[in-house]
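User: Hey, could you walk me through this model?

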Amino acid sequence: MEIQLNGSMGDPVTAQARACEALADMVPNIILDAANHTLHLRALNATGNLPLIVERLNAIGLQPGMLSVRANTLEDVFIQLTGRRLRE
C-alpha cells in the first residue's frame with residue numbers, strides 16, 4: 001500500500017519511525033519505507049485496517065492523501081516472513 005502524505009512530513013526517517021511506532025501494535029510485522037512524501041506500507045490485512053491506519057497517522061500529524069493498494073506478491077510475503085528480499 002502506498003500512502004501519499006499531504007503537506008510536509010518533515011524528515012522521512014523521523015516520519016517513518018513515528019509511523020512505525022503509531023502502527024506497530026495494530027499491524028504485526030509491519031514494514032514501512034518513507035520517501036518523497038509517500039509511505040510504502042507492507043503488512044498482512046493492511047486494507048482491513050485502513051481506517052485505523054489513517055486515523056493513527058492523522059493523530060501523529062501525518063496527513064494521508066491519495067492511497068493506492070495492490071495485492072501482495074510472493075516477494076511481499078517472503079519479505080514479510082523473513083525481513084529480507086529474495087536474491088537471484
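Analyst: Sure, we'll go through the helix packing and then the pocket. It's a predicted model, where local features need pLDDT of at least 70, side-chain atom pairs count only at pLDDT 80 or more, and totals for chains, interfaces and linings use all residues. Residues are numbered from 1 along each chain as its sequence is written, and side-chain values use heavy atoms, with hydrogens and water left out.

User: At what angle do α1 and α2 pack?

Analyst: About 130 degrees, with the axes of α1 (residues 12–23) and α2 (residues 50–59) 10 Å apart. Axes are lines fitted to C-alpha atoms, for helices over the stretch in contact, and angles run from 0 to 180 degrees between N-to-C directions. Helices are DSSP runs (H or I, at least four residues), strands too (E, at least two), numbered from the N terminus.

User: Which residues meet there?

Analyst: Ala 19, Ala 22 and Leu 23 in α1 meet Ile 53, Arg 56 and Leu 57 in α2, where contact means heavy atoms within 4.5 Å. By class, that's 5 nonpolar, no polar and 1 charged. Ala, Val, Leu, Ile, Met, Phe, Trp, Tyr, Cys and Pro count as nonpolar, Asp, Glu, Lys and Arg as charged, and the others, Gly among them, as polar.

User: OK, new topic. Which strand gives the most to the lining of the largest pocket?

Analyst: That's β3, with 3 residues. β2 (31–35) and β3 (38–42) each supply at least two.

User: And what's the class mix of that lining?

Analyst: The lining of the largest pocket has 7 nonpolar, 5 polar and 6 charged residues.
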